[in-house]
Amino acid sequence: MINEAKMLEFSEKGDDRGHLVVVEAIKDIPFEIKRVFYIYGSDSEVIRGRHANRKTEFVLINVAGTSKVKVHYPNGNECVFSLNKPHTGIYIPKMVWKDMYDFSKDSVLLVLASEYYDPSEYIRDYDEYLKEIM
Ligand code: TYD
């Protein structure tokens, strides 16, 4: 059973000094955060991701700029999410194939992950992904 990706909306603690968004493990995102990384300097031609993860769940937040995320499910369904507000994110469960693309020049894509980095839990071959999921 594969869970679906979904948009998350975080509350903005804004006042006349500016905005603040806080994201707490378990409360605002559905896992304990073990790893944080961010992606910037990709442009509108680049496609990143192109993988599924056997164990890791992610939340992606464009803290600056914009990008898109396309998720593929084993039944052939696809869904495109636009990340275009610093107080929204997308939750990506494990075993979902994902592409990140259409990065604006100023895009800073913050990624929160449920697991430490382990290259062996990444599936980078789409046929292998389909084989494991069926
Ligand atoms: P990659 O998984 O290709 O990035 P993306 O999912 O955005 O396409 O990772 C790029 C490089 O960074 C690759 O050499 C692996 C390394 N990396 C780490 O060392 N630790 C990490 O947590 C991540 C996400 C990547």
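# Briefing: loop residues, ligand shell and nonpolar cores

Lysine 27 is placed in the loop that runs between β1 (6–9) and β2 (35–40). The model described here is predicted, and the points below take up this loop, then the residues around the ligand, and then the nonpolar cores.

**The loop between β1 and β2**

- Lysine 27 has a relative accessible area of 65% and is therefore exposed, since the cut-off for that class is over 50%.
- The side chain of lysine 27 is joined to the side chain of glutamate 24 by a polar contact of 3.2 Å.
- Aspartate 16 also belongs to the loop between β1 and β2, and because its relative accessibility is 79%, aspartate 16 too counts as exposed.
- Between the C-alpha atoms of aspartate 16 and leucine 110, which stand 94 residues apart along the chain, the separation is 25 Å.

**The ligand and its shell**

- Around the ligand are Arg35, Phe37, Ile39, Arg48, Gly49, His51, Met100, Tyr117, Tyr122 and Arg124, and by character these shell residues comprise five nonpolar, two polar and three charged.
- Two arginines place a polar side-chain atom beside an oxygen atom of the ligand, at 2.5 Å for arginine 35 and at 2.8 Å for arginine 124.
- Glycine 49 takes part through its backbone, with a polar backbone atom 2.8 Å from an oxygen atom of the ligand.
- On its own the ligand has 530 Å² of accessible area, and the protein covers 60% of that area.
- Two or more residues of the shell come from each of the elements β2 and β3 (47–53).

**The nonpolar cores**

- The largest nonpolar core holds 18 residues, and the members that touch the most others in it are Leu60, Val69, Val71, Ile90, Ile92 and Leu109.
- Elements contributing two or more residues to this core are β4 (58–64), β5 (67–72), β6 (78–83), β7 (88–92) and β9 (108–113), with β9 giving the most, at three residues.
- When residues up to four places away in sequence are left out, leucine 60 touches Val69, Leu83, Thr88, Gly89, Ile90, Ile92, Met100, Leu109, Leu110 and Val111.
- Another core lies apart from the largest one and consists of nine residues, including Phe10, Ile29, Ile61 and Tyr91.
- Met100 appears in two of these settings, as one of the residues around the ligand and as one of the residues that leucine 60 touches.

Key: Residues numbered from 1 in each chain as written. Predicted model: local features only at pLDDT ≥ 70, side-chain atom pairs only at ≥ 80, totals over all residues. Heavy atoms only, no water. Helix = DSSP H or I, 4+ residues; strand = E, 2+ residues; numbered from the N terminus. Buried < 20%, exposed > 50% of the residue type's maximum accessible area, 1.4 Å probe, protein only. Polar contact = N/O pair within 3.5 Å; in protein donor to acceptor, adjacent residues only side chain to side chain. Near = heavy atom within 4 Å. Areas by Shrake-Rupley, 256 points an atom, 1.4 Å probe, with all protein chains shown as cover. Nonpolar A, V, L, I, M, F, W, Y, C, P; charged D, E, K, R; others polar. Core = buried A, V, L, I, M, F, W, Y, C linked by side-chain atoms within 4.5 Å. Contact = heavy atoms within 4.5 Å.
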